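Got the model open and want a quick tour of its strands, its turns and a couple of outlying residues? Here is a short report to read alongside it.

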Amino acid sequence: MGNHTFQGYLEHMVKHFMVCGSHGPMQTLLDWHTYGMKVSFNTTSSGHIMWHGADELLYKDIHFTM
């Protein structure tokens, strides 16, 4: 690293650590993010919308009638 400016250090860090498709730290973080998104999209959770009777809709603590 012959260039000792901020820009030089930044270019060095980007070149060595923020390379997608490598086995570096940035790729590890992207892999964890992708895994988390997959889990969140494929995991069911309890719903908040329910019907009460034939004409009452419940959403959390709010009641709607038709």
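What follows covers the sheet, its hairpins, a surface patch and the helices.

First, the ground rules. This is a predicted model, where local features need pLDDT of at least 70 and side-chain atom pairs count only at pLDDT 80 or more, while totals for chains, interfaces and linings use all residues. Residues are numbered from 1 along each chain as its sequence is written, and side-chain values use heavy atoms, with hydrogens and water left out.

**The sheet**

Three strands make up an open antiparallel sheet, in the order β1-β2-β3. The edges are taken by β1 (49-52) and β3, each with a single partner strand, so one side of each has no neighbour in the sheet. From one strand to the next, the twist averages 25°. That angle is taken between axes, which are lines fitted to C-alpha atoms (for helices over the stretch in contact), with angles running from 0 to 180 degrees between N-to-C directions. Strands here are DSSP runs of E with at least two residues, helices are runs of H or I with at least four residues, and both are numbered from the N terminus. Two strands count as paired if DSSP finds at least two bridges between them.

Strand β2 spans residues 56-59 and is joined to β1 by four bridges, the two running antiparallel. β2 and β3 are also antiparallel, over four bridges. Here are residues that face each other across the strands:

| Residue | Stands opposite | Strand of the second residue |
|---|---|---|
| Ile49 | Tyr59 | β2 |
| Met50 | Leu58 | β2 |
| Trp51 | Leu57 | β2 |
| Glu56 | Thr65 | β3 |
| Tyr59 | Ile62 | β3 |

Which way do the side chains of β2 point? They alternate: Glu56 and Leu58 go to one face and are buried, whereas Leu57 and Tyr59 go to the other and are not. Buried means under 20% relative accessible area, exposed means over 50%, and partly exposed is in between (1.4 Å probe, protein chains only). Leu58 counts as buried because its relative accessibility is 13%.

**The two turns**

The β1-β2 hairpin has three residues between its strands, and Gly53 in the turn has a positive phi of about 75°. The hairpin of β2 and β3 has two residues between the strands. Lys60 lies in that loop, and has a positive phi of about 55° although it is not a glycine. Worth a glance, because most residues other than glycine have a negative phi. Is Lys60 buried or exposed? With 52% relative accessibility, Lys60 counts as exposed.

**A nonpolar patch**

Ile49, Tyr59, Ile62 and Phe64 make a nonpolar surface patch of about 390 Å². Patches take residues with over 30% relative accessible area and no salt bridge, joining like charges within 9 Å and nonpolar side chains (Val, Leu, Ile, Met, Phe, Trp, Tyr) within 5 Å. A salt bridge, in turn, is a side-chain nitrogen of Lys or Arg within 4 Å of a carboxyl oxygen of Asp or Glu. Areas come from the Shrake-Rupley method with a 1.4 Å probe, and for residues only the protein chains shown count as cover. Phe64 sits in β3 (residues 62-65) and counts as partly exposed because its relative accessibility is 42%.

**Over to the helices**

Val14 belongs to helix α1 (residues 6-17) and is partly exposed, with a relative accessible area of 38%. Its C-alpha atom is separated by 47 Å from that of Ile49, 35 residues apart along the chain. Leu58 and Gly24 are 34 residues apart in sequence, and C-alpha to C-alpha they are 49 Å apart in space.

Asn42 lies in helix α2 (residues 25-42). At 59% relative accessibility Asn42 counts as exposed, and its side chain reaches the backbone oxygen of Lys38 at 2.9 Å.

Key. Polar contact = N/O pair within 3.5 Å; in protein donor to acceptor, adjacent residues only side chain to side chain.
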